[in-house]
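Trainee: Could you take me through one part of this structure in detail? I would like to see how it connects to the rest of the chain.

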Amino acid sequence: MAPALQLPTPSETIITDASSESNNVTITGKIYTRVRLATKSDLSHIYQLFYQIHEYHNYTHLYKATESSLANLLFKENPLPLFYGPSILILEVSPTPFNEPKHTMNGGFKPVLTMFDLKFPVVEGQVEEFQSKYDDKSDVYIAGYVLFYANYSCFNDKPGLYLESLYLRESYRKLGMGKLLFGTVSSIAANNGFVSLEEIVAVWNKKAYDLYVNMGLEIFDEFRYGKLHGENLQKYADKNGAN
């Protein structure tokens, strides 16, 4: 089921101008966006975006993924039902409008189209690296992603969604696109019978923290995030054998 977002209507009186110089594209006036389910054509971009979010958190020394391992994780031959396994929404931007999708794509999700009026120019400085390979529209660039999957709790009678990470490339921050991605996943949860949307919020990232809280996320101070990993996890390997 497509997310029921209230999206702004593009104004015909504002002209979007895009100019290319030194392998850069500068977008002024307004910028068009499309949120869609990732496909195998996005693997190289997903790999780069995952690296960038590790870099943002100073965790590049922990980045072990390859495009092959990501393909095995995200695009299995026999996938779980839509949104239950690891699911990625790709955020694309363009200086020109996207065609309105005529039907749902990729197993039941209709791409979400909107437009943002720009208060300042946006420069795409990695045209070749992040040019979308999704369709024949040539002036489309990958701006970010959100990764989520179903989770379960004995306290609820239905599954929820867990938002693992949401990331925007630097050029596309402070434009409202984080709200767009978070709102799209929230709509997926609400429209498809999931009981909640949960995530871990970094308290040091005040802008992201405030964004999520302002959009309705409730922070539970009585719980602490715990993680068993590395050597502390591996020491249990021999105790239970292959179980």
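Mentor: Happy to help; here is a walk around strand 7 and its partners, followed by R34, two loop residues and helix 3.

Please keep in mind that this is a predicted model. For orientation, the chain has five helices and nine strands. Along the sequence they come in the order β-β-β-α-α-β-β-β-β-β-α-β-α-α. Of the 243 residues in the chain, 41% are buried. The accessible surface comes to about 14,800 Å², and carbon and sulfur atoms account for 51% of that area. Take the contacts between residues at least 6 apart in sequence: 74% of them join residues at least 24 apart.

Now to strand 7, which covers residues 141-151. Buried means under 20% relative accessible area, and 10 of the 11 residues in strand 7 are buried, so the rest of the structure largely encloses this strand. Two of its pairings are worth following. With strand 4 (residues 87-94), strand 7 forms an antiparallel pair over seven bridges, and within that pairing L89 stands opposite V146. With strand 8 (residues 160-168), strand 7 also runs antiparallel, joined by eight bridges. There, Y145 of strand 7 faces Y167 of strand 8.

Next, look at R34, which belongs to strand 3 (residues 30-37). This arginine has a relative accessible area of 7%, so it counts as buried. What does the side chain of R34 meet in polar contacts? One partner is the side chain of E92, at 2.6 Å; another is the side chain of D135, at 2.9 Å. Leaving aside residues up to four places away in sequence, R34 also touches others, including I90, L91, F98, P111, V112, L113, Y134 and V140.

Two loop residues deserve a look at their backbone angles. Most residues other than glycine have a negative phi. F83, however, has a positive phi near 80°. F83 sits in the loop between helix 2 (67-74) and strand 4, and its relative accessibility of 3% makes it buried. K174 also has a positive phi, near 65°, and it is found in the loop between strand 8 and helix 3. Is K174 buried or exposed? With a relative accessible area of 71%, K174 is exposed.

From that loop the chain goes on to helix 3, which takes in residues 177-191. Does the length of helix 3 agree with what its residue count predicts, and why would 21 Å be the value to expect? The rise is 1.5 Å a residue, so the 15 residues should span 21 Å, and the end C-alpha atoms are indeed 21 Å apart. Helix 3 is mostly covered, with 11 of its 15 residues buried. Among them are M177, L180, L181, F182, V185 and I188; the glycines G178 and G183 are buried too. T184, S187 and A189 are further buried positions in this helix. As a general point, an α-helix has 3.6 residues a turn, so residues three or four places apart point the same way. Just after helix 3 comes G193, with a positive phi of about 80°.

Terms used. Residues are numbered from 1 along each chain as its sequence is written. This is a predicted model: local features need pLDDT of at least 70, side-chain atom pairs count only at pLDDT 80 or more; totals for chains, interfaces and linings use all residues. Side-chain values use heavy atoms; hydrogens and water are left out. Helices (H or I, at least four residues) and strands (E, at least two) are DSSP runs, numbered from the N terminus. The expected span of a helix is 1.5 Å times one less than its number of residues. Buried means under 20% relative accessible area, exposed over 50%, partly exposed in between (1.4 Å probe, protein chains only). Two strands pair if DSSP finds at least two bridges between them. Contact means heavy atoms within 4.5 Å. Accessible areas come from the Shrake-Rupley method with a 1.4 Å probe; for residues, only the protein chains shown count as cover. A polar contact is a pair of N or O atoms within 3.5 Å; within protein, one must be able to donate a hydrogen and the other to accept it, and residues adjacent in sequence count only if both atoms are side-chain atoms.
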